[in-house]
Amino acid sequence: MIVTITPNPAMDEAYSTDEFRPGRWYRAKDVARAPGGRGVNVSIILKQLGYDSVATGFLAGHTGEYIKDELLSRGITTNFVNTKGENRTNTFIKDVTGGIETAVTEDGPIVADDAVKRFFWNLERILPRATAVQMGGSLPPGVPVDFFREAVDRVKKKNIPVYVDSSGDALDMAIEALPTLVKIDHRFVNTVRNITLSTLDHLIEISKKIFDEGVDWIVTSYFNRSNLFCTTKGFYMAEIKLDNPVTYRAASDALLAGMMVAREERMGIEDSIRFGMSCVRQTVMCPQKGLPSRAAVEITAGEVNIQKI
Amino acid sequence: MLVGDIMDRDLTSLAEETSLLEAISLLTIHDTSGLPVVNGVGRVVGFLSEKDILRAFIPGYLGYMDENFSMPDIENIKSRVKRVGRDPARDYMTKDSIIFDEEETVTNAMVTLFKRDIKRAPVVREGMLVGIVDREEILRGFVHDNFEEGEVDIPISSAK
């Protein structure tokens with residue numbers, strides 16, 4: 001059983017308009033609501049790939065109820081800590097003509113110390129049944145910045161593979177605990193460990209540094225279609241074809257879900273990269289949250305272009 | 001249809017050492033009347049309901065008195081809440097509570113819930129908590145199993 005940790009879940013509300021400019025009123029052509037947040041997305045995509053997971057984190061208010069109900073109705077197990085306040089609503093506006101997406105997000109509810117303690121109590125009780133743990137996204141106010149580091153520490157003590165996808169100090173601190181895989185989203189992160197992520201050389205430099213510290217996999221996004229993979233067998237650049245991308249919102253989560261499935265199924269390094277990148281392709285092209293099916297992922301896995309560098 | 005098909009796959013639970021006052025707070029924030037109590041590895045060891053907590057807080061003598069003489073002394077109740085509020089759930093939970101295996105049929109579960117007059121019960125796989133079912137889900141599951149669509153007035157398609 002895979003465990004996903006989303007400290008700051010959200011309801012994603014995506015509006016499509018023919019065009020979008022600030023200062024005007026628009027009636028949406030299409031509205032799509034879905035539960036969101038890094039780990040929540042991973043749980044949804046894992047289910048679509050045929051894997052059960054337990055979604056955990058903090059839920060609050062009506063939005064929290066919505067997120068939980070949606071996950072339960074998709075057959076995903078939940079073990080959230082309820083807290084006061086209201087979970088985030090992340091609003092996305094897609095300008096269909098220009099193909100540009102605008103996003104407005106919230107901070108999330110203020111999470112009290114006792115809720116954080118309760119979260120770790122829950123985690124300890126699930127870990128004996130866990131085969132892998134994924135955590136990521138932002139931290140809501142009140143959750144200490146070393147939250148991911150403590151979570152990685154606890155998971156690693158049980159010898160369970162752990163995947164982290166975050167940014168800023170929370171990511172830097174998580175890396176100190178040496179997770180199995182670290183995903184750095186180049187689009188949202190300017191620096192990691194004080195290295196500016198502006199060129200491929202910089203991405204290689206930071207990946208090498210983290211690898212030398214003891215992390216087996218470091219994945220950094222490189223423009224929209226590519227990811228750089230630093231592995232025990234060297235560096236790979238993987239690229240996917242994107243004919244009509246719908247949204248990049250859950251692309252990173254699709255990659256992690258794919259990489260976790262690859263590990264569960266003991267795929268080799270190149271096959272893991274192909275499978276993960278194919279999950280990204282299918283998710284970016286899918287109008288609904290997540291990807292259409294595992295079969296679709298398998299069909300396009302062979303089309304992923306991989307180069308060893 | 002099996003209990004595992006209709007349960008809520010939610011693992012919200014109390015620890016054996018959760019205090020009664022903390023349990024009140026958790027029942028409130030999770031908007032529920034009772035929660036399974038699990039040990040350190042997630043094995044279900046009991047169930048603590050609001051009724052169990054009430055029983056712990058109301059002085060025992062009130063149960064023996066005739067209804068007309070049951071005017072509670074608020075100071076008695078307050079001192080009892082003070083005394084037992086920090087006691088652990090394990091001391092007041094129902095230890096022989098109903099627990100369904102996920103392979104149990106919905107019909108059996110329905111009869112059991114009726115006989116024991118309980119609202120919700122934990123669901124386990126090899127003793128480990130995997131979800132929870134309540135009367136509403138059991139009833140919908142039973143109707144779904146035993147009637148054709150249109151035969152009764154409940155919209156069967158809405159059952160999970």
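Student: In this predicted model, what is the geometry of helix α5 (residues 106-116) and helix α6 (residues 135-146) of chain B?

Tutor: The axes of the two chain B helices come within 9 Å and cross at roughly 140°.

Student: Why is α5(B) called oblique to α6(B)?

Tutor: Angles over 145 degrees count as roughly antiparallel, and 65 to 115 as roughly perpendicular. The crossing angle is roughly 140°, which falls in neither range, so α5(B) is oblique to α6(B).

Student: Which hand does the crossing of α5(B) and α6(B) have?

Tutor: The crossing of α5(B) and α6(B) is left-handed. From α5(B), the contact is made by B:V106, B:T107, B:A109, B:M110 and B:L113. From α6(B), B:R135, B:I138, B:G141, B:F142 and B:D145 take part.

Student: What makes up this contact by class?

Tutor: The contact of α5(B) with α6(B) has six nonpolar, two polar and two charged residues. Gly counts as polar, so B:G141 belongs with the polar residues.

Student: Which residues does B:V133 touch, leaving aside those up to four places away in sequence?

Tutor: B:V133 touches B:V3, B:I6, B:M7, B:F100, B:A109, B:R120, B:A121, B:V123 and B:I138. Two of these, B:A109 and B:I138, also serve in the contact of α5(B) with α6(B).

Student: Which residues of the largest nonpolar core touch the most other members?

Tutor: Of its 110 residues, these are A:I45, A:A257, B:L48 and B:V133. Helix α7 (residues 251-264) of chain A gives the most to this core, with eight residues.

Student: What makes A:R149 of helix α4 (residues 147-157) of chain A a buried residue, and why is A:R149 not a member of a nonpolar core?

Tutor: A residue is buried if 20 or more other C-beta atoms lie within 10 Å of its own. A:R149 is among the buried residues of α4(A), with A:F147, A:F148, A:A151, A:V152 and A:V155. Arg is not one of the residue types that a nonpolar core admits, so A:R149 is not a member.

Student: What covers the buried residues of α4(A)?

Tutor: The cover includes β1 (2-6), α3 (113-126), β8 (132-136), β9 (162-166) and α5 (168-176) of chain A. Just after α4(A), A:N159 takes a positive phi of about 60°.

Student: How many residues does each chain give to the contact between chains A and B?

Tutor: Chain B gives 13 residues and chain A gives 13 residues. The side of chain B that touches chain A has six nonpolar, four polar and three charged residues.

Key: Residues numbered from 1 in each chain as written. Chains lettered and ligands numbered in written order. Predicted model: local features only at pLDDT ≥ 70, side-chain atom pairs only at ≥ 80, totals over all residues. Core = buried A, V, L, I, M, F, W, Y, C linked by C-beta atoms within 7 Å. Buried ≥ 20, exposed ≤ 12 C-beta atoms within 10 Å, placed from the backbone. Helix = DSSP H or I, 4+ residues; strand = E, 2+ residues; numbered from the N terminus. Contact = placed C-beta atoms within 7 Å. Axes fitted to C-alpha atoms, helices over the stretch in contact; angles between N-to-C directions. Parallel < 35°, antiparallel > 145°, perpendicular 65-115°, else oblique. Left-handed = near helix turned anticlockwise from the far one by under 90°.
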